[in-house]
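Q: Could you take me on a close look at one part of this structure, the small sheet and how it is put together? I would also like to hear about the contact between the chains.

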2 protein chains.
Amino acid sequence: MDDKAWNELSRRMAELRDLGSIVGLLTWDQETFMPPGGADGRARQLAALQSLIHERLVSQELGDGLAAAAIAPGLDGAKAAMVRNLTRERDRAVKVPARLVRELAERQSKSVEAWRAARADGGFATFAPHLARLLELRREQADVIGHDGERYDALLEGFEPGMRVARLEPIFAELRDALIRMVAALADAPPPPRWRVERHRFPVDRQWDFTLHLLRDMGFDFERGRQDRSTHPFTDGIWRGDVRLTTRLSEENPFQAIFGTIHEGGHGLYEQNLPEEHAHDPVGHAASMGLHESQSRLWENLVGRSLPFWQRQHPHLRRAFPEALEGVSVEEVYAAANRVERSLVRVEADEVTYNLHILVRFELELAMLRGDLAVADLPAAWDERMMRYLGVKPDNDVEGVLQDIHWAWAELGYFPTYTLGNLYSAILYEKLAADLGDVDEVVRSGELTRIRDWLVENVHRHGHRWDAEEIVRRATGAGLSTAPFLRHLRTKYRSLYGATLAP
Amino acid sequence: MDDKAWNELSRRMAELRDLGSIVGLLTWDQETFMPPGGADGRARQLAALQSLIHERLVSQELGDGLAAAAIAPGLDGAKAAMVRNLTRERDRAVKVPARLVRELAERQSKSVEAWRAARADGGFATFAPHLARLLELRREQADVIGHDGERYDALLEGFEPGMRVARLEPIFAELRDALIRMVAALADAPPPPRWRVERHRFPVDRQWDFTLHLLRDMGFDFERGRQDRSTHPFTDGIWRGDVRLTTRLSEENPFQAIFGTIHEGGHGLYEQNLPEEHAHDPVGHAASMGLHESQSRLWENLVGRSLPFWQRQHPHLRRAFPEALEGVSVEEVYAAANRVERSLVRVEADEVTYNLHILVRFELELAMLRGDLAVADLPAAWDERMMRYLGVKPDNDVEGVLQDIHWAWAELGYFPTYTLGNLYSAILYEKLAADLGDVDEVVRSGELTRIRDWLVENVHRHGHRWDAEEIVRRATGAGLSTAPFLRHLRTKYRSLYGATLAP
């Protein structure tokens with residue numbers, strides 16, 4: 001491939017990235033500063049821009065350029081990765097007919113409305129026909145994209161390139177069984193004495209300052225990013241020079257803002273340290289949603305919910321909230337940040353139970369997509385699994401099967417990325433700990449940028465040069481497995497709860 | 001033209017408006033919340049988007065659609081206006097070759113750099129060659145666009161559709177001569193006793209609350225807009241449902257924020273009340289920069305700097321800044337808001353001298369474009385005119401010819417829109433006052449939404465259905481003239497300064 005042809009292809013790649021990054025800003029603004037009257041116009045802007053991006057993506061010229069590059073001899077590794085990534089994305093876009101895209105979009109908004117209505121009157125029945133239709137459309141989409149007999153793979157690929165159900169299922173089953181045993185052992189054990197946050201009020205401006213202090217400690221670069229407030233916390237990497245985080249402040253519970261900020265900060269560090277030389281090509285973004293989540297979970301759970309972290313932060317927290325911390329030991333703060341409970345709601349779940357919530361969803365959506373579970377039977381299946389895995393049963397569909405918005409959005413294949421994030425985070429952290437020596441001392445002394453630097457070197461700077469598991473393998477020598485995550489939980493909760501856990 | 005053809009044309013019009021409105025958000029964010037590291041990416045986003053918009057604008061399909069519509073029988077008035085507006089815009093875009101657009105863009109950024117350097121070392125010579133080159137490019141641009149022997153017209157048309165130098169020159173000359181006499185009479189007269197703001201400090205959060213109160217009084221809709229802080233105040237109408245204002249807060253001088261907010265609020269009301277039915281076509285925007293400026297000036301000067309306005313606001317101001325207002329009468333506040341001074345700096349100039357600053361710039365840029373004034377002779381010509389019109393001479397080029405960024409941006413033909421704004425504002429206000437009865441009483445009683453409603457009815461809701469002067473003519477029965485503006489100044493300053501002014 002001569003320079004001229006490559007430059008033309010490269011120009012098209014850059015245009016797609018630059019236009020795509022505008023979608024990021026439109027979305028961020030929508031969730032932060034846009035006045036209510038902006039909504040209709042924003043929907044039009046997004047539609048106009050996305051239809052343009054689609055037009056560019058499926059254009060014959062781009063297709064020809066990618067095809068020529070794919071067979072060109074001697075393309076270096078980075079260029080080959082660009083071509084591979086964009087070809088995958090383009091193939092998916094080309095295969096799905098405009099009619100299906102439109103119908104999915106229309107059905108999604110109606111479905112979200114129906115989901116809200118169902119939550120308001122507490123009945124799954126209102127939502128069921130919409131979910132059934134969305135499932136049909138997703139099946140159709142999976143078939144036009146293509147798969148080896150497992151439709152779920154075609155959807156999963158959109159979030160987790162390279163990952164397959166055949167690889168996930170046995171690993172997730174192993175994780176499930178181990179977690180069920182762990183919950184059984186912990187949830188009924190006497191909990192360690194903890195700080196009672198519910199007895200206090202926490203001024204939001206103090207919380208705000210505390211979260212900024214945490215982000216600075218983590219090495220988040222405020223010259224290339226910012227934090228704002230929003231209803232649901234999220235991270236929007238417009239590009240590596242402009243990464244926007246949001247957090248949520250509640251007077252009742254400072255942990256929401258604290259762990260929310262650490263979580264989004266982990267996403268934010270990934271975005272800020274993506275490879276500069278690929279900032280405007282298809283290697284310069286995250287390798288997968290699961291790997292992205294591994295960064296936020298690593299910071300939130302492995303760093304942020306650790307004892308050494310609170311040994312470091314305890315004096316700062318005490319300065320921010322002197323009354324609420326009066327006579328409260330660091331161990332009690334640590335215990336409060338790590339309560340294990342049989343609970344009904346995913347987003348409030350602790351580190352031990354969280355993945356069981358995900359596995360319920362993964363198994364059910366997989367069964368529906370395979371045709372092994374009818375939509376009408378979903379609520380019963382949900383309740384049955386919740387009882388089996390977590391020992392609790394929802395009183396109604398709102399705190400049961402209607403809990404998450406994902407299915408109303410037709411987002412099937414997304415849930416497993418949360419658990420992948422947890423598994424990858426533990427695999428990476430074990431290697432990181434081995435490389436840094438005494439990682440607890442690193443955290444205790446507040447040298448969090450050493451952790452950031454390890455992640456930059458081993459994960460962030462590769463962007464999407466390889467798929468997620470390959471990046472993890474190159475960083476640690478090991479691929480996906482449950483062992484490091486389960487080791488982490490056993491060690492941590494054994495010390496918190498005493499010798500309740502089997503080895 | 002059949003429905004199908006019109007719908008297709010209409011779709012293209014809407015796409016252009018929707019994409020264009022994204023430029024608005026990108027720009028607003030750049031001046032308000034974007035972190036410094038976002039700059040490079042933002043420049044790329046804007047370039048990608050603007051090049052796409054240009055591509056759509058000059059497309060053959062749009063040209064054919066517009067040409068067919070232009071000769072279609074029986075197109076109604078609104079549709080005819082859409083076709084006229086977009087055809088004008090497209091013709092300009094089509095005629096200017098890509099090479100010239102690119103060279104102008106490149107020269108502009110270099111020129112702004114040179115202008116900053118020239119301001120740093122105080123020498124016009126550093127900037128002169130850049131200005132000379134920009135002038136050549138603008139001449140070339142004017143020639144390809146086409147004109148009747150007056151190149152300036154081709155540039156002016158970009159800001160003030162339908163306006164011509166031949167119409168402006170005699171009106172501006174009359175204004176100039178009248179203002180020179182007025183300044184001579186006022187600037188040396190003993191000023192009325194005034195509130196000495198410079199002796200106090202004004203907490204910025206109090207100022208902020210006061211500006212929001214003013215916007216509410218004016219009828220600015222916060223469901224469809226917001227105000228933020230920025231270095232230079234501006235208004236960004238993303239669309240009528242989402243209008244963003246900014247203001248600047250200085251501890252030393254509350255008038256900056258107060259009049260800044262009222263000014264931008266005037267722009268904002270125009271944007272919020274553009275015709276809803278044309279929100280996504282080429283009639284749904286302001287008719288010209290001059291008419292836009294007439295809205296901000298009307299609110300800032302005719303309403304905001306009036307005695308009845310301060311009779312209303314005095315108690316509120318006193319509540320906001322009790323110490324600074326201690327023993328200060330409403331007349332003294334009014335006098336402080338209306339000091340007339342021979343000054344060097346346009347953006348700090350008062351209502352009487354302001355247009356003389358503009359006329360200096362208009363006359364000089366016109367002379368340069370005509371070839372009657374060499375760039376090398378510009379500083380001397382500037383100083384000579386400042387002395388003749390305002391009786392002051394800059395000590396150096398920084399407070400003289402290097403004062404504004406407009407020429408460095410190659411923005412030639414923009415300055416007259418400021419003065420047009422002042423003239424139109426006075427014409428509109430006379431009619432508005434006649435229609436409302438006792439307008440002073442309306443202002444004094446705080447019923448500012450009656451003023452807004454008159455402007456919505458007579459100006460805003462027409463969008464760009466007609467060109468600016470035609471809108472003013474339809475609203476008032478009279479076209480452009482200096483008389484209402486000069487009447488306003490004479491009445492106001494006679495009462496402030498006593499009988500110093502000739503009738």
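A: Let's start at the turn: in chain B, a hairpin joins S2(B) to S3(B) through 2 residues. Helices (H or I, at least four residues) and strands (E, at least two) are DSSP runs, numbered from the N terminus. A word on the ground rules: this is a predicted model, in which local features need pLDDT of at least 70 and side-chain atom pairs count only at pLDDT 80 or more, while totals for chains, interfaces and linings use all residues. Residues are numbered from 1 along each chain as its sequence is written, chains are lettered from A and ligands numbered from 1 in the order in which they are written, and side-chain values use heavy atoms, with hydrogens and water left out.

Back to the hairpin. S2(B) and strand S3 (residues 242–247) of chain B run antiparallel and are joined by 4 bridges. One of the pairings places B:Leu245, in S3(B), as the bridge partner of B:Thr235. These strands belong to an open sheet of 3 strands in chain B, with the order S1-S3-S2 and mixed pairing; two strands pair if DSSP finds at least two bridges between them. Its edge strands are strand S1 (225–229) and strand S2 (235–239) of chain B, each pairing on one side only. On average, neighbouring strands of this sheet are turned by 20° against each other, direction ignored. As background, side chains in a regular strand alternate between the two faces of the sheet.

Helix H1 (residues 3–32) of chain B lies across S1, S2 and S3 of chain B, and runs at about 145° to S2(B). For such angles, axes are lines fitted to C-alpha atoms, for helices over the stretch in contact, and angles run from 0 to 180 degrees between N-to-C directions. Contact here means heavy atoms within 4.5 Å.

Now to chain A, where 3 strands form an open sheet in the order S1-S3-S2, with mixed pairing. Here S1 and S2 of chain A are the edge strands. A hairpin of 2 residues connects S2(A) to S3(A), and 4 bridges join these antiparallel strands. Among the partners, A:Trp239 is matched with A:Asp242 in S3(A), and A:Gly237 with A:Val243 in S3(A). Helix H9 (residues 204–218) of chain A lies across S1 and S3 of chain A, at about 155° to S1(A).

Finally, the contact between the chains takes 37 residues from chain A and 37 residues from chain B. The area buried between them is about 3000 Å², 60% of it from carbon and sulfur atoms; buried area is the accessible area (1.4 Å probe) that two parts lose on being put together, summed over both. A:Phe33, A:Arg44 and A:Gln45 supply 18% of the area that chain A buries against chain B, more than any other three residues. There are 8 salt bridges between chain A and chain B, each a side-chain nitrogen of Lys or Arg within 4 Å of a carboxyl oxygen of Asp or Glu. A:Arg44 appears here too, since its side chain meets that of B:Asp18 in a salt bridge (3.1 Å, N to O). The sheet also takes part: strands S1 (225–229), S2 (235–239) and S3 (242–247) of chain A, like helices H1 (3–32) and H2 (39–57), each supply at least two residues of the side of chain A that touches chain B.
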